[in-house]
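I opened this entry to look up how the helices pack and where charged side chains pair. My notes follow the order of the look-ups.

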Amino acid sequence: MCPCGCVGKRKKGSYLRKTLNGGAGLLRQVMFSDDTARQDGLLQRIDPRVKFLSVIVLLVAAGLARNIATLVAVYAVTLALAAASRLPVGFFVKRVWLFVPIFTGIMVLPATLSVVTHGDVVLTLWHWHGRAEGFTSQGLTSAGLIVSRVAVSISLVVLLTLTTPWVRLLAALRSVGVPRIFILIIGMAYRYIFLLLNTVTDMYQARTSRTIGAAKHDGGARAFLGASGGALFGKANQLSEEVHQAMTARGYRGDAKTLQSFRLRGLDIAAALCCAALAAAILIGDHVLGS
């Protein structure tokens, strides 16, 4: 097409290329997360076990909150913690709000209508038999409560994952009593995602480097995609056996190990006390606002 977009024919984009580009973006995000987890921030200096248990306590407190103002205050605290941990606040906000809370808002949107949630209509959309129908204050309040609760919950989890290296997080989960098979599954899955994504990228580059002319979206392309999927499953099966044998030969028994042992310090105890005080403040403040 010409620059103005009025002459020519727009080429159809390759969905496979878009998928691989998205996977490459995921790899960049993971590498960035590893870099932020090694920075000298506030949360990075706290014991992973304390952070994990603190997040669980705050998630329960946020789940019990019934006022939007309380959840907004908690979300402000998460932003302050992100800034104190030297995380880019813009990146943190986009990572929290770009997917799940927006999707949650779309899902709860029908509940804001008077045909679903009866109440006082604040914005009339249509009339039915002489009765105003539209958004109700009760429905909007309920939807805002759900969206804010999801946003706070995701913010807490993102803070934990961005400020804790993956290996130390797995070791912390194992030390607090998470079953060994669960740690084994998520640890292997985490590694296999990026390994298989890199394999798919190499297969696609090998295909395109031997293709003359523009790519065609025909039966041959679909056959290549199916054959690549079958080959990928075969490689994954063979690689899983080899990796498991190599790990067991080196003494792996399902427990996540780190070179640095966990040891509680004064900062960790202070963080645990602050978390307990924050959870109590959330519950008390929410009860005061509700009454």
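Before the first look-up I fix a convention: an axis is a line fitted to C-alpha atoms, taken for helices over the stretch in contact, and the angle between two N-to-C directions runs from 0 to 180 degrees. The model is predicted.

**Helix α2 against helix α10**

I took α2 and helix α10 (residues 266-290) first; they pack at an angle of about 0°, and their axes are 9 Å apart. Angles under 35 degrees count as roughly parallel, and α2 and α10 are therefore roughly parallel to each other. I listed the contact residues next. From α2 I have Val50, Ser54, Val57, Leu58, Ala61 and Leu64, which meet Asp268, Ala271, Ala272, Cys275, Leu278, Ala279, Ile282, Leu283 and Asp286 of α10. Sorted by class, the contact of α2 with α10 holds twelve nonpolar residues, one polar and two charged.

**Helix α2 against helix α6**

I then turned to α2 (residues 48-64) and helix α6 (residues 137-162), whose axes lie 10 Å apart at an angle of about 180°. The cut-off for roughly antiparallel is over 145 degrees, so α2 and α6 are roughly antiparallel to each other. On the α2 side I noted Lys51, Phe52, Val55, Leu58, Leu59, Ala62 and Gly63; on the α6 side, Arg149, Val152, Ser153, Leu156, Val157 and Leu160. I count nine nonpolar, two polar and two charged residues in the contact of α2 with α6. Leu58 appears in the α6 contact and also in the α10 contact.

**Salt bridges**

How many salt bridges does a search of the whole structure find? The search gives three.

I looked at Arg45 and Asp40, whose side chains form a salt bridge at 3.3 Å, N to O. Arg45 is partly exposed at 36% relative accessibility, and Asp40 is partly exposed at 46%.

Arg49 and Asp47 form another, with the closest N and O atoms 3.1 Å apart. Here Arg49 is partly exposed, at 22%, whereas Asp47 is buried, with a relative accessible area of 4%.

Arg265 and Asp268 form a salt bridge at 3.7 Å, N to O. Is Asp268 buried or exposed? I find Asp268 buried, at 1% relative accessible area, while its partner Arg265 is partly exposed at 37%. Asp268 is also among the α10 residues that meet α2.

**Annotated spans**

I checked the record. The unreviewed UniProt entry lists residues 52-84, 96-128, 140-161, 181-200 and 267-285 under "transmembrane region". I compared two of these spans with the model. Residues 267-285 are 100% helix and 0% strand, and their end C-alpha atoms are 26 Å apart. Residues 52-84 are 91% helix and 0% strand, and the end C-alpha atoms of that span lie 18 Å apart.

**Whole chain**

I closed with the totals. The protein chain has ten helices and two strands, in the order α-α-α-α-α-β-β-α-α-α-α-α along the sequence. Of its 291 residues, 31% are buried. Among contacts with a separation of 6 or more, 73% join residues 24 or more positions apart.

Key. Residues are numbered from 1 along each chain as its sequence is written. This is a predicted model: local features need pLDDT of at least 70, side-chain atom pairs count only at pLDDT 80 or more; totals for chains, interfaces and linings use all residues. Side-chain values use heavy atoms; hydrogens and water are left out. UniProt positions are given in the numbering used here, feature names are shortened, and annotations may be inferred rather than shown by experiment. Helices (H or I, at least four residues) and strands (E, at least two) are DSSP runs, numbered from the N terminus. Angles under 35 degrees count as roughly parallel, over 145 as roughly antiparallel, 65 to 115 as roughly perpendicular and the rest as oblique. Contact means heavy atoms within 4.5 Å. Ala, Val, Leu, Ile, Met, Phe, Trp, Tyr, Cys and Pro count as nonpolar, Asp, Glu, Lys and Arg as charged, and the others, Gly among them, as polar. A salt bridge is a side-chain nitrogen of Lys or Arg within 4 Å of a carboxyl oxygen of Asp or Glu. Buried means under 20% relative accessible area, exposed over 50%, partly exposed in between (1.4 Å probe, protein chains only).
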